[in-house]
Amino acid sequence: MFNAADVLYAALTVFQGYCLQYFLGSFLETRVKSRWNALYVAGLYVILKMMVMWCSPPGNEDYKVAVGTLALSPGILSFLALCFYKALHPVTVFLVISFQAVMDISSYMAVILIGKPGNKLPDMWNWFVRERIITSEKSLALAVGIGTVVVLVLQYLAVALLMYVSLRKIVWNFREKNYGINRTELLFILTPSAVGMMICMLLRIIMVTVEDSVPKMLYDRYPILVVVIPAILFLSLLSILYGVKLFQDMICRNREKRGRIVLENQVRSLQEHMEEMERIYSGIRGMKHDMKNTLAVIRRLSAGEGNAELQEYLSELNKGLEKLEVRFRTGNTVVDTLLNMKYHEAVRDVPDLRMDADKLLFPQGIVIHSYDIGVILGNAVDNAIEACRKLQSKEPGADAFIRMSSLQKGNLLILKVENSFDGRLVQRRQEEFPVTDKADRRSHGIGLGNIKNTAEKYQGAVDFKVNGRVFILSVMMKNERRNEDAFRSDR
């Protein structure tokens, strides 16, 4: 028959199985898209853990048995991760070790902090017997059974609470779950968990000693350890939690740094080319005007019989001059230069691309820095061109287009960029924007972040939505001049 301790242990194991599927599922993609996947993971974990417990040789005083059981647990976790998840990633090592460390630390802290006071219960029962509060063996057995169960329930509740809160904290702090972690970074976040697991294994070896064939706890000989050991375990747990948080902060700072460098390069490029492009376009417009007048005079002088071929040639030359006209006229020189440059670059890869900016107009009252508008539109158009390029690579006959528009409402300027795409959008949990599907995610996928940073300089915001196979990006900003660019104010 199962006793109360077995039932409580089984209940705790079930809860650990639930925590395991939650923890792994928060980071890893499942192999089979099934709503029962989490149940399979938790159920198989419970079965394997209970089998290990039942198959373990009796005698908890034998530390070799306990250490062997602890060492087998990470193997079970790795087996479940590989079977049910696409777990061939470096982060899986961290998930397995950190889960095992959190589980062990929670167990030892609960056993010491609650189990130690629970060991005083026999003295209390003896006092009740001496004072004749308990007068029968049946009452004593009942009191001892109830006290034992209460202590076990408190221990397992403490284990479950501490474990659940810690794992939730790791999941919350580790927001960049699709980040391609390298070996050095893996070692950085893995070390605290590995140390915590080794501490628990060391405690299991030295915690129980045998004197005169009687098992005794180490803290019974050295009472100060009742405080020291939980403090060490608690600090080890904090090192795991805050190590993850520090790692996440490092990722965010590096991404912001890369985004700031890209932003500065974009602004610097616009500054260098704006005056030159404006001079070139002014020269082209002047040449076009002069050439059209010259051609008109030549056509009048050459009018007459026998000059039909010359007239046709001059007509074709005039049509060629029409193509020298600037394609986009928004009222903003930087934007005109940028869009013309982007368009000519894009049509080399997407010849059928339609780029429409007829509704993108900037009146004279706009005081938002032209470079900031250029950064927003430049990143948005780059993303749109990439989406159109991918669409036509998959579907050569698909309609590839980019539409841009602007709207001014009082003190607000709203920019909208719409583009066709293949309909596949990757949106991760806890990610604000869709993630890039390029292999080098450290160097790509920061365009929307740059747009957001630039918009926030004008107390603005960025939003996106999908309408069928059309991606719509909206940027709203206050039409107010900022004193300095955000990246300069950080210096």
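This briefing walks through the fold of one protein chain, from overall figures to single residues. The model is predicted. The protein has 491 residues, and 41% of them count as buried. It holds 14 helices and 7 strands.

**Overall figures**

- The accessible surface of the protein comes to about 27,600 Å². Carbon and sulfur atoms hold 59% of that surface.
- Contacts between residues 6 or more positions apart can be split by separation. Residues 24 or more positions apart account for 74% of them.

**Annotated transmembrane regions**

- An unreviewed UniProt entry carries the feature "transmembrane region" at residues 6-24, 36-54, 66-85, 92-115, 140-165, 186-210 and 222-244.
- Two of these spans, 36-54 and 92-115, are described here.
- Residues 36-54 are 95% helix and 0% strand in the model. The C-alpha atoms at the ends of this span lie 27 Å apart.
- Residues 92-115 are 100% helix and 0% strand. Here the end C-alpha atoms lie 33 Å apart.

**Two residues in the helices of this part**

- Ser73 belongs to helix 3, residues 63-84.
- Ser73 has a relative accessible area of 3%, so it counts as buried.
- Leaving aside residues up to four places away in sequence, Ser73 touches Lys49, Gln100 and Met103.
- Ile206 belongs to helix 7, residues 183-206.
- Ile206 is partly exposed, with a relative accessible area of 36%.
- Ile206 and Leu218 are 12 residues apart in sequence. Their C-alpha atoms are 7.1 Å apart in space.

**The five-stranded sheet**

- An open sheet is built from 5 strands in the order 3-4-5-7-6. Its pairing is mixed.
- Strand 3 (354-359) and strand 6 (461-467) are the edge strands. Each of them pairs on one side only.
- On average, neighbouring strands of this sheet are turned by 15° against each other, direction ignored.
- Strands of a sheet pair through backbone hydrogen bonds, either parallel or antiparallel.

**Pairing inside the sheet**

- Strand 4 and strand 5 run antiparallel, joined by 8 bridges. Ser405 has Lys416 in strand 5 as its bridge partner.
- Strand 5 (residues 412-420) and strand 7 (residues 470-478) pair in the antiparallel sense over 9 bridges.
- Several pairs mark out the match between strand 5 and strand 7. Leu413 has Met477 in strand 7 as its bridge partner. Ile414 stands opposite Met476 in strand 7. Lys416 is bridged to Ser474 in strand 7.
- Lys416 thus appears in two pairings: with Ser405 and with Ser474.
- Strand 6 and strand 7 also run antiparallel, with 7 bridges between them. Lys465 has Ile472 in strand 7 as its bridge partner.

**Turns with a positive phi**

- Strand 4 and strand 5 form a hairpin with 2 residues between them. Gly410, in the turn, has a positive phi of about 60°.
- The hairpin of strand 6 and strand 7 has 2 residues between the strands. In this hairpin, Gly468 takes a positive phi near 70°.
- Most residues other than glycine have a negative phi. Gln459 is a residue other than glycine with a positive phi, near 50°.
- Gln459 sits in the loop between helix 13 and strand 6.
- With a relative accessible area of 47%, Gln459 is partly exposed.

**Helices 12 and 13**

- Helix 12 (residues 370-394) lies across strand 3, strand 4 (401-409), strand 5 and strand 7. Helix 12 runs at about 15° to strand 5.
- Helix 13 covers residues 447-456. Its buried residues are Gly447, Leu448, Asn450, Ile451, Thr454 and Ala455.
- These buried residues lie on the same side of helix 13, because they cover an arc of only 160° around the axis.
- An α-helix has 3.6 residues a turn, so residues three or four places apart point the same way.

Notes: Residues are numbered from 1 along each chain as its sequence is written. This is a predicted model: local features need pLDDT of at least 70, side-chain atom pairs count only at pLDDT 80 or more; totals for chains, interfaces and linings use all residues. Side-chain values use heavy atoms; hydrogens and water are left out. Buried means under 20% relative accessible area, exposed over 50%, partly exposed in between (1.4 Å probe, protein chains only). Helices (H or I, at least four residues) and strands (E, at least two) are DSSP runs, numbered from the N terminus. The arc is that of the directions from the helix axis to the C-beta atoms. Contact means heavy atoms within 4.5 Å. Accessible areas come from the Shrake-Rupley method with a 1.4 Å probe; for residues, only the protein chains shown count as cover. Two strands pair if DSSP finds at least two bridges between them. Axes are lines fitted to C-alpha atoms, for helices over the stretch in contact, and angles run from 0 to 180 degrees between N-to-C directions. UniProt positions are given in the numbering used here, feature names are shortened, and annotations may be inferred rather than shown by experiment.
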